[in-house]
Amino acid sequence: MPEHAMTEPARTPVTVIGLGSMGRALAEAYVRAGHPTTVWNRTPSKGAPLVALGARQARTVDEAVAASPLVIACLTTFESTVEALVPATATIGGRTLVTLNSGSPAGARAMADGALGHGARYLGGAVENVPSAVGAEDTLLYYGGDRGDYGDPASSVDLFLAGAAHGVAFAEEAGLDVAWHRPFHDLLRRAVDAGHGGHSISALTDVLRSPARPA
């Protein structure tokens, strides 16, 4: 047996639901990266090119969800995602559901409540690029979920606040008007006062939920 085969880590199985242009690109990226990939679409023929690459096509959405601990739904709206997943509500428990679609914050919250109510973890997000860019190092994805864990930050609130002071000094030296930065700096200070100094910058979401008291 080759040495690399003994040391190569196992790849997480992934299910992709919805095989429009972005869904196909996501599924193909997982297949090419070596993840056991299951796909499902209302129109089965859309899965044929992925099956040719090595994906497995599920006959039903329930079968697709059951196949993997990570389920990615790439459909148009939250409503279409909920409709597609109805047959799998008894199967989604214990899995992580990621939705990549358009919609409002209210739609995301309803989706999260539904996923959590059926025992799943949830991340809602979007891909800020075109399908052909999926898998590239500079492709931007943003997401949010139910965890509320701001520990182990790549960049802490304290670090951002320290950088804000340098930014003000630079602006004064360069003769630039950066008054529009002040609300953000105030938000950083409020986050530090609330005990988030050592937390990830995403902790600002908690501060935004608590309006500042009048001076």
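**Entry 1: strand 1 and its partners**

I began at I17, which stands opposite A73 in strand 4. The model is a predicted one, and I read every entry with that in mind. Strand 1 and strand 4 run parallel and are joined by 4 bridges.

I then turned to the pairing of strand 1 with strand 2, which is also parallel and spans 4 bridges. In this pairing I found V14 opposite T37 of strand 2. I followed the chain from strand 1 through helix 2 (residues 21-32) to strand 2 and noted a right-handed β-α-β crossover.

I looked up the burial of strand 1 on each face. V14 and V16 lie on one side, T15 and I17 on the other, and all four are buried, so both faces of the strand are covered.

**Entry 2: the sheet as a whole**

I traced the strand order next. The sheet is open, has 7 strands in the order 3-2-1-4-5-6-7, and shows mixed pairing. Its edges are strand 3 (56-57) and strand 7 (141-145), each of which pairs on one side only.

At the strand 7 edge, I recorded antiparallel pairing with strand 6 (residues 121-127) over 5 bridges. Within it, A126 has Y142 of strand 7 as its bridge partner.

**Entry 3: L141 at the edge**

I asked where L141 is found. L141 belongs to strand 7. I also asked whether L141 is buried, exposed or partly exposed. Its relative accessibility is 43%; L141 is therefore partly exposed, a class that lies between the 20% and 50% limits.

Setting aside neighbours within four places in sequence, I found L141 in contact with A126 and V127. I noted a separation of 5.9 Å between the C-alpha atoms of L141 and E128, which are 13 residues apart along the chain.

**Entry 4: helices over the sheet**

I checked which strands helix 5 lies across. They are strand 1 (14-17), strand 2 (37-40), strand 4, strand 5 (96-100) and strand 6, and the helix runs at about 140 degrees to strand 5. Helix 6 lies across strand 5 and strand 6, at about 150 degrees to strand 6.

**Entry 5: the nonpolar cores**

I examined the largest nonpolar core, which has 20 residues. The members that touch the most others are I17, V65, L85, L97 and Y122. Helix 4 (61-66), strand 4 (70-73), helix 5 (78-85) and helix 6 (105-117) each supply at least two residues of this core. Apart from it I located another core, of 18 residues, including A25, C74, L100 and L123. In soluble globular proteins, nonpolar side chains tend to be buried together.

I listed the contacts of V65, leaving out residues up to four places away in sequence. V65 touches T15, I17, V71, L85, A88, T91, I92 and R95. Two of the residues named above for their contacts within the core, I17 and L85, are thus on the list for V65.

**Entry 6: S200**

Last, I looked up S200, placed in the loop between helix 8 (182-193) and helix 9 (204-208). I asked whether S200 is buried or exposed. With a relative accessible area of 16%, S200 is buried, because the limit for burial is under 20%.

Which side chain makes a polar contact with the side chain of S200? The partner is the side chain of S202, at 3.0 Å. Not counting residues up to four places away in sequence, S200 touches Y150, P153, S155 and V157.

Definitions and conventions
Residues numbered from 1 in each chain as written. Predicted model: local features only at pLDDT ≥ 70, side-chain atom pairs only at ≥ 80, totals over all residues. Heavy atoms only, no water. Core = buried A, V, L, I, M, F, W, Y, C linked by side-chain atoms within 4.5 Å. Buried < 20%, exposed > 50% of the residue type's maximum accessible area, 1.4 Å probe, protein only. Contact = heavy atoms within 4.5 Å. Pairing = 2+ DSSP bridges. Axes fitted to C-alpha atoms, helices over the stretch in contact; angles between N-to-C directions. Polar contact = N/O pair within 3.5 Å; in protein donor to acceptor, adjacent residues only side chain to side chain. Right-handed = clockwise from strand over helix to strand, strands pointing away.
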